[in-house]
Amino acid sequence: MDAIVTIPARPGPIDLDLAHTALVIIDMQRDFLLPGGFGETLGNDVGQLQRVVEPLTGLLAAAREAGMLVVHTREGHLPDLSDCPPAKLNRGAPSKRIGDPGAFGRILIRGEYGHDIIDELAPTADEVVIDKPGKGAFHATDLGAVLATRGITQLLITGVTTEVCVHTTTREANDRGYECVVVSDCVGSYFPEFHRVGLEMVVAQGGIFGWTAPSDALIAVLTEQAATSPSAPIS
Ligand code: TIU
């Protein structure tokens, strides 16, 4: 069956080969989305990120139904902070720093409740979870190897925050040869203006490092794919 579909996108339509496309969900962690986490200690209004949850839940469900590879990432560090450079640990003037006790355990420390993904988007046992110490999901992780093993060439990029980890990951992926679609209503920022301009940056100059598309266009093709071939996952 032909699994190549054309998605209306900016700066122009993109042909997606669904068998070689992965859904990447960046850092939808309690520490970024819930009051008391890292995001709030940086002085941010965490409510700004909550609007991503509903559309992303819908896109994740459609991707699962279609059998698409799903990759979740989590930003965080080892309990001894040996993988957190001082340049990151000491940045800015947060009320608390990475590794300090927060409302959900030590902030952005692997294994802590706050470091894990919000309940609505919890990974299933067969989905990939990449723990990353940086903003980009390729830095110091095996994401590239995971995608290469599965023959993935195109990425649907979602999660938070638009101008930080989503942008860094999209730029890293673009440089590595992946075609990236940033899903416009499934990424979010603490700063609405950064979100808006962050999406514009992706598509400027003819799509300088990717495309943007809304989730409804993607959900439509994934739902059609699942209906056409319900017992044969894409990958
Ligand atoms: N502060 C902020 O906007 N973002 C981060 O620190 N990490 C991610 O974007 N995941």
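How far from a nitrogen atom of the ligand does a backbone N or O atom of Val160 lie?

## The model and the ligand

This is a predicted model, in which local features need pLDDT of at least 70 and side-chain atom pairs count only at pLDDT 80 or more, while totals for chains, interfaces and linings use all residues. Residues are numbered from 1 along each chain as its sequence is written, and side-chain values use heavy atoms, with hydrogens and water left out.

The distance asked about at the start, between a backbone N or O atom of Val160 and a nitrogen atom of the ligand, is 3.1 Å. A nitrogen atom of the ligand is also 2.7 Å from an N or O atom in the side chain of Asp27, and an oxygen atom of the ligand is 2.9 Å from an N or O atom in the side chain of Thr161. Each of these is a polar contact, that is, a pair of N or O atoms within 3.5 Å. The residues that surround the ligand (a residue is near a molecule if one of its heavy atoms lies within 4 Å of it) include Phe32, Phe38, Leu42, Glu75, Lys135 and Tyr190.

## Two pairs of helices

Two packed helices are described by the angle between their axes and the distance between the axes. Axes are lines fitted to C-alpha atoms, for helices over the stretch in contact, and angles run from 0 to 180 degrees between N-to-C directions; helices (H or I, at least four residues) and strands (E, at least two) are DSSP runs, numbered from the N terminus. The axes of helix H4 (residues 53-66) and helix H9 (residues 215-228) come within 8 Å and cross at roughly 25°, which means that H4 is roughly parallel to H9 (angles under 35 degrees count as roughly parallel). On the H4 side, the contact (heavy atoms within 4.5 Å) is made by residues including Pro55, Gly58 and Leu59, and on the H9 side by residues including Ser215, Leu218 and Ile219.

The axes of helix H7 (residues 162-175) and helix H8 (residues 192-207) come within 10 Å and cross at roughly 15°, and therefore H7 and H8 are also roughly parallel to each other. Thr162, Glu163, His167 and Arg171 of H7 make this contact with Phe194, His195, Gly198, Leu199, Met201 and Val202 of H8.

## Backbone features

Most residues other than glycine have a negative phi, and most peptide bonds are trans. A cis peptide bond nevertheless joins Arg10 and Pro11, with omega about 5°, and Pro11 has its place in the loop between strand S1 (4-7) and strand S2 (14-17). Another cis peptide bond joins Val160 and Thr161, with omega about -10°; Thr161 is found in the loop between strand S8 (154-160) and H7.

Leu81, although it is not a glycine, has a positive phi of about 60°, and this residue belongs to the loop between strand S4 (69-75) and helix H5 (86-89). Leu108, again not a glycine, has a positive phi of about 55° and is found in the loop between strand S6 (105-106) and strand S7 (128-132).

Note on methods. Parallel < 35°, antiparallel > 145°, perpendicular 65-115°, else oblique. Polar contact = N/O pair within 3.5 Å; in protein donor to acceptor, adjacent residues only side chain to side chain.
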